[in-house]
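Open the model in your viewer and keep the selection tool at hand. This tour moves from one selection to the next.

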Amino acid sequence: MASIDESEKADDKPLSTISIRGSGHPLDPSSVGQIIKPGELVDFIEITALNRSELIMYNQLLAHAWPDIGDRTKVHRISKAVLRGSHESNDRLNKAFDTLMSAWARIQYKHHKTGEEKTLRVHLIGSNAEEKQEQGYFYWTFPRELVAIIENSKIWAKIKSQIMYSLSSKYSLRLYEMVARRIGMHKQFEEFSVDKLRTLMGVPKGKLKRFADLNKHCLKPALAEVNQLSDFHVGISMVKRGRTVEKLMINWSHKDAEEIRQAANERERSSVGRSARRAGRVEAITF
């Protein structure tokens with residue numbers, strides 16, 4: 001029988017990410033679902049630039065494989081028709097498969113025994129195969145080193161699939177996931193260097209190098225869309241040294257019940273005119 005001290009230690013042991021279950025039907029854009037995504041895969045750095053569709057497909061593959069994600073030898077299988085959705089052709093899928101197969105990512109993690117911070121450079125998916133017919137299946141694996149990190153992960157994002165599908169840009173999606181990973185933390189803000197936030201948002205190397213361009217084409221549009229469509233309030237403020245923006249502080253909070261209902265209603269409406277509907281309530285960066 002365990003002693004009282006041992007029982008307390010067991011109760012205090014942090015939950016593992018793979019013990020958290022998703023819900024609903026996250027691969028169906030018309031349905032409601034929830035995807036569990038390890039924090040290490042939320043804050044990964046894109047060595048190979050990905051677009052919105054590829055990021056969403058990766059989330060779909062992760063969600064579909066999640067019940068068996070800890071099996072390092074598992075070959076996962078999914079119908080191409082499920083991934084294709086309303087698209088009639090597999091052309092988009094083939095391009096995404098090729099990109100994800102060749103995509104390198106840099107993942108920061110803590111060693112589960114030593115607590116030492118490490119960096120893993122790894123492909124996002126491992127070996128894979130595809131049946132030729134239009135209604136065939138896609139088979140894939142995850143690299144063993146990546147599965148090991150997922151197995152030992154202790155922090156995660158709960159991603160609402162309806163919000164994920166509603167966000168129209170990769171920058172909005174990456175900002176939403178960053179906040180979803182952090183919303184349960186005691187501290188409701190975090191500072192980033194400009195370069196660090198640029199990489200976490202997935203800005204391709206060499207793009208949006210001037211802060212004015214980063215602000216105009218990445219931060220402000222993503223902020224406005226996440227505030228309109230998600231269950232969170234998100235703000236970004238600048239920390240300056242003289243006239244130079246040295247750091248950016250992201251803050252976040254839960255919306256109240258009425259605001260969550262309004263965001264859900266907006267997601268149910270046509271995306272046509274959505275930009276106009278949020279005009280006048282732009283979430284400007286604080287100076």
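The stops below cover a pocket, two helix crossings and a cavity in a predicted model.

**Stop 1: the largest pocket**

Select E40, Q108, Y109, K110 and R181. Of the 24 residues that line the largest pocket, these are the closest to its centre. The space in this pocket comes to about 780 Å³.

Now colour the elements around the pocket. At least two lining residues each come from α2 (39–42), β5 (104–110), α6 (144–151), α8 (170–182), β10 (189–193) and α9 (194–200). What classes of residue make up the lining of the largest pocket? Ten are charged, seven are polar and seven are nonpolar.

Keep α8 selected. This helix supplies at least two residues of the pocket lining, and the next stops return to α8.

**Stop 2: α8 against α3**

Add helix α3, residues 52–65. The axes of α3 and α8 come within 8 Å and cross at roughly 40°. The two helices are therefore oblique to each other. Their crossing is left-handed.

Show side chains at the contact. From α3, pick R52, L55, I56 and N59; they meet K170, L173, R174 and E177 of α8. By class, this contact has four charged, three nonpolar and one polar residues.

**Stop 3: α8 against α10**

Hide α3 and bring up helix α10, residues 211–229. At what angle do the axes of α8 and α10 cross? The value is roughly 65°, and the axes come within 8 Å. Here the crossing is right-handed.

Select Y171, S172, L175 and Y176 on α8. Their partners on α10 are H217, C218, P221, A222, L223, E225 and V226. The contact of α8 with α10 has eight nonpolar, two polar and one charged residues.

**Stop 4: the cavity**

Stay on L175, which meets α10 and also lines the largest cavity. Select the rest of that lining: M178, V179, R182, F192, I250 and W252. The cavity has a volume of about 30 Å³. How many cavities of 30 Å³ or more are there? The count is one.

Which element gives the most to the lining of the largest cavity? α8 does, with four residues. β12 (244–254) also supplies at least two. By class, the cavity lining has six nonpolar residues, one charged residue and no polar ones.

**Last view**

Show α8 with everything visited. The helix contributes to the lining of the largest pocket, meets α3, meets α10 and helps line the largest cavity.

Terms used. Residues are numbered from 1 along each chain as its sequence is written. This is a predicted model: local features need pLDDT of at least 70, side-chain atom pairs count only at pLDDT 80 or more; totals for chains, interfaces and linings use all residues. Side-chain values use heavy atoms; hydrogens and water are left out. On a 1 Å grid over the protein atoms alone, a cavity is a set of points where a 1.4 Å probe fits but cannot get out, and a pocket is an open set with protein on both sides within 12 Å along at least five of seven lines; lining residues have an atom within 4 Å of a point. Grid points are joined across faces, edges and corners, and a volume is the space filled by probe spheres set on the points. Ala, Val, Leu, Ile, Met, Phe, Trp, Tyr, Cys and Pro count as nonpolar, Asp, Glu, Lys and Arg as charged, and the others, Gly among them, as polar. Axes are lines fitted to C-alpha atoms, for helices over the stretch in contact, and angles run from 0 to 180 degrees between N-to-C directions. Angles under 35 degrees count as roughly parallel, over 145 as roughly antiparallel, 65 to 115 as roughly perpendicular and the rest as oblique. A crossing is left-handed if the near helix is turned anticlockwise from the far one by less than a right angle, and right-handed if clockwise. Contact means heavy atoms within 4.5 Å.
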